[in-house]
Amino acid sequence: SLPLLFAMTTSSAYAEELPKLGAFVYSNLCWSKQSGDAHGLRVTLLRYPEASGDHLLFEWSEGPLYERTGYKVRIDSAGSRISFEVDQDATMVMPDWRTYTGEISTDALILHSSSNPTRSYRLPRVHDFSTEDKACG
């Protein structure tokens with residue numbers, strides 16, 4: 001039936017449209033039991049009234065956890081698609097600009113990077129910040 005087909009083809013990231021205002025944190029970070037290093041990504045999105053726009057903080061691990069401000073942050077009018085650019089040069093010597101695109105909802109952020117377009121990064125939304133220090137499995 002048509003409703004069943006629609007349900008099967010709709011991504012779970014579209015669970016609920018992202019509100020126009022608020023703070024949203026998405027993360028798949030975990031911490032190494034041996035080294036204490038972070039593994040994964042964390043995105044913090046701040047949505048302000050239209051005059052201020054959307055602001056994004058992007059964090060990634062290369063041993064230590066690095067963070068940079070996202071640029072050219074765009075979220076479509078339906079609030080379900082996101083794109084942004086970030087300089088991922090950990091040394092801050094040679095710019096390494098990457099574009100990220102993906103699906104966003106109140107439940108999860110699914111990203112694709114221009115440096116590896118075939119790989120997806122699924123970042124669940126963080127609702128309980130006491131779980132942010134989980135060990136890698």
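Which strands form an open sheet of five, and in what order do they stand? In this predicted model, the order is β7-β8-β9-β10-β11, and the pairing between the strands is antiparallel. The edge strands of this sheet are β7 and β11, each of which pairs on one side only. Direction ignored, neighbouring strands here are turned against each other by 20° on average. Strands of a sheet pair through backbone hydrogen bonds, in either a parallel or an antiparallel sense.

The pairing can be followed from the β7 edge of the sheet. Strand β7, residues 71-75, is joined to strand β8, residues 81-87, by three bridges, and the two run antiparallel. Within this pair, Ile75 has Ile82 of β8 standing opposite. β7 and β8 together form a hairpin with five residues between them, and in the turn Gly79 has a positive phi of about 75°. A positive phi also occurs at Lys72, where the value is near 50° although the residue is not a glycine. Lys72 is part of strand β7, and Lys72 counts as exposed because its relative accessibility is 52%, which is over the 50% limit for that class.

At the other edge of the sheet, strand β10, residues 108-113, pairs with β11 in the antiparallel sense over six bridges. Here Leu109 stands opposite Leu123 of β11.

A further open sheet has four strands, placed in the order β1-β4-β5-β6 with antiparallel pairing. Its edges are taken by β1 (22-27) and β6 (65-69), and since each of these has a single partner strand, one side of each is left without a neighbour in the sheet. From one strand to the next, the twist in this sheet averages 15°. Inside the sheet, β4 and β5 run antiparallel and are joined by seven bridges, and among the residues paired across strands is Leu41, whose bridge partner in β5 is Trp60.

The loop between β4 (41-47) and β5 (54-61) holds Gly53. With a relative accessible area of 21%, Gly53 is partly exposed, because the class of buried residues is reserved for values under 20%. Residues up to four places away in sequence left aside, Gly53 touches Leu46, Arg47 and Tyr48. Gly53 can also be placed relative to Val73, since the two are 20 residues apart in sequence while their C-alpha atoms are 8.5 Å apart in space.

Where does Arg68 lie, in terms of the strands? Arg68 lies in strand β6, and Arg68 is buried because its relative accessible area is 16%, which falls under the 20% limit. When neighbours within four places in sequence are set aside, the residues in contact with Arg68 are Leu56, Leu57, Phe58, Trp60, Val86, Asp87, Asp89, Ala90 and Met92. Of these contacts, the one with Asp89 can be described further, as the side chain of Arg68 reaches the backbone oxygen of Asp89 at 2.9 Å. In sequence Arg68 and Asp89 are 21 residues apart, and from C-alpha to C-alpha they are 9.4 Å apart in space.

Another residue whose side chain reaches backbone atoms is Ser32, which reaches the backbone nitrogen of Ser35 at 3.2 Å. A polar atom of the Ser32 side chain also lies 3.3 Å from the backbone nitrogen of Gln34. Ser32 is found in the loop between β2 (30-31) and β3 (38-39), and despite that loop position, Ser32 counts as buried at 17% relative accessibility. Beyond residues up to four places away in sequence, Ser32 touches Asp37, His39 and Cys136.

The remaining feature to consider is the empty space. Rolling a probe the size of a water molecule over the atoms shows where such space is left. In the largest pocket there is about 220 Å³ of space. The largest pocket is lined by 13 residues, and those lying nearest its centre are Leu41, Trp60, Ser61, Gln88 and Tyr121. Leu41 and Trp60, named here in the lining, are also the bridge partners described above. At least two residues of the lining come from each of β5, β9 (97-104) and β11 (116-124).

Terms used:
Residues are numbered from 1 along each chain as its sequence is written. This is a predicted model: local features need pLDDT of at least 70, side-chain atom pairs count only at pLDDT 80 or more; totals for chains, interfaces and linings use all residues. Side-chain values use heavy atoms; hydrogens and water are left out. Buried means under 20% relative accessible area, exposed over 50%, partly exposed in between (1.4 Å probe, protein chains only). Contact means heavy atoms within 4.5 Å. Two strands pair if DSSP finds at least two bridges between them. Axes are lines fitted to C-alpha atoms, for helices over the stretch in contact, and angles run from 0 to 180 degrees between N-to-C directions. A polar contact is a pair of N or O atoms within 3.5 Å; within protein, one must be able to donate a hydrogen and the other to accept it, and residues adjacent in sequence count only if both atoms are side-chain atoms. On a 1 Å grid over the protein atoms alone, a cavity is a set of points where a 1.4 Å probe fits but cannot get out, and a pocket is an open set with protein on both sides within 12 Å along at least five of seven lines; lining residues have an atom within 4 Å of a point. Grid points are joined across faces, edges and corners, and a volume is the space filled by probe spheres set on the points.
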